[in-house]
Structure formats: structure tokens, C-alpha cells
Amino acid sequence: MHREAHYWYSHRIRREMGVVVYGHYGPPMIAFPTTGGDEWEYERQGVIGAMAHAIDAGRVKVFAVNTNNSDSFGDDGAHPRHKSYMQAMYDQYIAEEVFPFVRAHCHSHDVGIWTMGASLGGYHAANTLLKHPDLFRRCLALSGVYDIRRFMNGDYDDNFYFNNPVDYMASLNDGYYLQHLQQCDIHLATGTGPYEDSGPTYRLSEVLASRGVPHTVDDWGPEGGHDWPYWKRQMDLYIGRLF
């Protein structure tokens, strides 16, 4: 499998960030890691291996990114408004740095880019597409949490509001964004397997439905658990069905 790693210093994140590219051709998909993961996590956990047949066949090209979770919602010692500010900077990093990098790497100025992630990565995958439906086309959010108030200790500001999907989507009435969201393919995956809480997925589904945003809730039942064996199987099957 073709693999290459790229690193650059992001002034928004205030440190070096990495992107690992898997594959030589195919629709590009940005993969967001879980809470404690990095740009190598999906390879370490076998998800890249589970998709290897599709990657090698040029059916998908994966761009695995890092997050700044340790500087944002994962920083228990930080003030809540620092956390929300750093999340806002991460959103800008993806839209202003990673997005153009992916298009340049694909030698295309109009290729549709997809997002994918599990657990906290599912939040990032959904949040990224919902905030930028003019840039991203498809989302595969596995076992995500879409209301992140738990990290704010009761505080609230604009940076948090505009990165908390169940809040900003509930009041979205901008025709430009709604029109683009109508053209996106959004999959929210959950189930009844070990450690999985389907409540956040169904809550986001209710919010999207209230705004007329097409999406599917893929309830995998007992095959929808909150752990790597479930996510590997889900991605293998998603690649077969959608790519």
C-alpha cells in the first residue's frame, strides 16, 4: 500500500501537525482519530488494514489527521473558553490548511472530500461537514457524541456554540448552508453493542430532521459497539457499499 506522511507547523494549533496519506488514487476521505489518538491511530488499530483492499484498488484515498484534543476539550486544567477557542482553531485548521492540502494532493480543485471518524473522531467528522457543507460531501460518523457541554463546566460562548452540532444546527436557517447540506450524504452509525450509547446519535438525527437535512442513522444493533473491532467491520462494510 502506498503511504506517505506530511508534517507542517500550524500557527492556528501552535504546534506541528501531521497527515498520513494512504493510497494513490480515489475519492479522498479525512479520518479523525479518537480521544487519545493521532494521525497513526487508524493504522495501529487495524482500520487501514480493514480497508486495504479498497485503498489498493483506488476506491478511496485516506488522509488520517491528528487533533488538538489535549489542548482543547481534553485539557482538564484549561479554562473552558480556552478549550472552545482551541476547538475553533482546529476547525479553521481543517478548513484552511488540511482541506486545500487534500485537494492539492489529489490534483483537483473540485474533488468532493469525505469525513470519517469514531468516538470523538465521529464528532469531528460530523462537525466538519455540518459547518462546511460547501467543502465536504459525505460523512461517516461512528459512535459520535454531538453535544459536548460536558467539557465546558457550565460555561458557554460563541466558539462553543458554533462547534456544538446540536446547538447551531437546531437554529440553522441560512439557505446557502441548507442547500449544500441537501446535497451531502450523512451517515450516523450507532448500535446496541458493548459500551455504545446511541442517545447522542439519535439526538443529532432529531435536530437534522428538524432542519430538513437528509441523513441516515445506521443502527448496527449488536454489531454497533464502542470499540475498534466494531469500527473496523463497519468501515469495511461502508467501503464496500458506498465506494
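**Close-up 1. The lining of the largest pocket in this predicted model.** Let's start with the residues around the opening. The largest pocket is lined by Asp91, Leu130, Lys131, His132, Asp134, Tyr161, Phe162, Tyr168, Met169, Ser171, Leu172 and Tyr177. Sorted by class, that lining comprises seven nonpolar, two polar and three charged residues. The space in the largest pocket comes to about 230 Å³. Two residues to look for here are Asp91 and Lys131, both part of the lining, since they return in the next view.

**Close-up 2. The salt bridge between Lys131 and Asp91.** Zoom in on these two side chains and you will find their closest N and O atoms 3.1 Å apart, forming a salt bridge. The pair ties together distant parts of the chain, with Lys131 in helix 5 (residues 120–131) and Asp91 in helix 4, 40 residues apart. Are Lys131 and Asp91 buried or exposed? Both Lys131 and Asp91 are buried. Asp91 and Lys131 also both appear in the lining of the largest pocket.

**Close-up 3. The largest cavity, with helix 4 and helix 5 in its lining.** Here the view moves to an enclosed space. A probe the size of a water molecule, rolled over the atoms, shows where empty space is left. The model has one cavity of 30 Å³ or more, and the largest cavity holds about 30 Å³ of space. Which residues line the largest cavity? They are Gln87, Tyr90, Asp91, His124, Asn127 and Thr128. At least two residues of this lining come from helix 4, and at least two from helix 5. By class, the lining of the largest cavity has one nonpolar, four polar and one charged residue. Asp91 is one of the residues lining the cavity, and Asp91 is also one of those lining the largest pocket.

**Close-up 4. Arg12 and Glu97 joined by a salt bridge.** Staying with charged side chains, this view shows Arg12 and Glu97 meeting at 2.9 Å, N to O. Distant parts of the chain are linked by this pair: Arg12 sits in the loop between strand 1 (3–10) and strand 2 (15–22), while Glu97 belongs to helix 4 (residues 80–105), and the two are 85 residues apart. Arg12 has a relative accessible area of 27%, so it counts as partly exposed. Glu97, at 13%, is buried.

**Close-up 5. Further salt bridges, including Asp38 with Arg44.** The total for the model is 11 salt bridges. In one of them, the side chains of Asp38 and Arg44 meet at 3.0 Å, N to O. Asp38 is partly exposed because its relative accessibility is 23%, and Arg44 is exposed because its value is 51%. Elsewhere, a network of salt bridges links Asp147, Arg149 and Asp167.

**Close-up 6. Ser143 and its contacts.** Ser143 lies in the loop between strand 6 (136–142) and helix 6 (158–161). Its relative accessibility is 4%, so Ser143 counts as buried. Which side chain joins that of Ser143 in a polar contact of 3.0 Å? The partner is Trp231. Leaving aside residues up to four places away in sequence, Ser143 touches Ser119, Ala189, Glu196, Gly225, His226 and Trp231.

**Close-up 7. Two loop residues with positive phi, Arg14 and Asn153.** Most residues other than glycine have a negative phi, so these two are worth a look. Arg14 has a positive phi near 75° and lies in the loop between strand 1 and strand 2. With a relative accessible area of 48%, Arg14 is partly exposed. For Asn153, phi is about 50°, again positive in a residue that is not a glycine. Asn153 is placed in the loop between strand 6 and helix 6, and its relative accessible area of 60% makes it exposed.

**Close-up 8. Tyr230 and its surroundings.** The last view turns to helix 10 (residues 228–242), where Tyr230 is found. At 22% relative accessible area, Tyr230 is partly exposed. Not counting residues up to four places away in sequence, Tyr230 touches Pro194, Pro222, Glu223, Gly224 and Gly225. The C-alpha atoms of Tyr230 and Trp220 are separated by 9.3 Å, and these residues are 10 apart along the chain. Gly225 may look familiar: Tyr230 touches it here, and Ser143 touches Gly225 as well.

Technical notes
Residues numbered from 1 in each chain as written. Predicted model: local features only at pLDDT ≥ 70, side-chain atom pairs only at ≥ 80, totals over all residues. Heavy atoms only, no water. Helix = DSSP H or I, 4+ residues; strand = E, 2+ residues; numbered from the N terminus. Buried < 20%, exposed > 50% of the residue type's maximum accessible area, 1.4 Å probe, protein only. Polar contact = N/O pair within 3.5 Å; in protein donor to acceptor, adjacent residues only side chain to side chain. Contact = heavy atoms within 4.5 Å. 1 Å grid on protein atoms, 1.4 Å probe; cavity = no way out; pocket = protein on both sides within 12 Å on 5 of 7 lines; lining within 4 Å. Points joined across faces, edges and corners; volume = space filled by probe spheres on them. Nonpolar A, V, L, I, M, F, W, Y, C, P; charged D, E, K, R; others polar. Salt bridge = Lys/Arg side-chain N within 4 Å of Asp/Glu carboxyl O.
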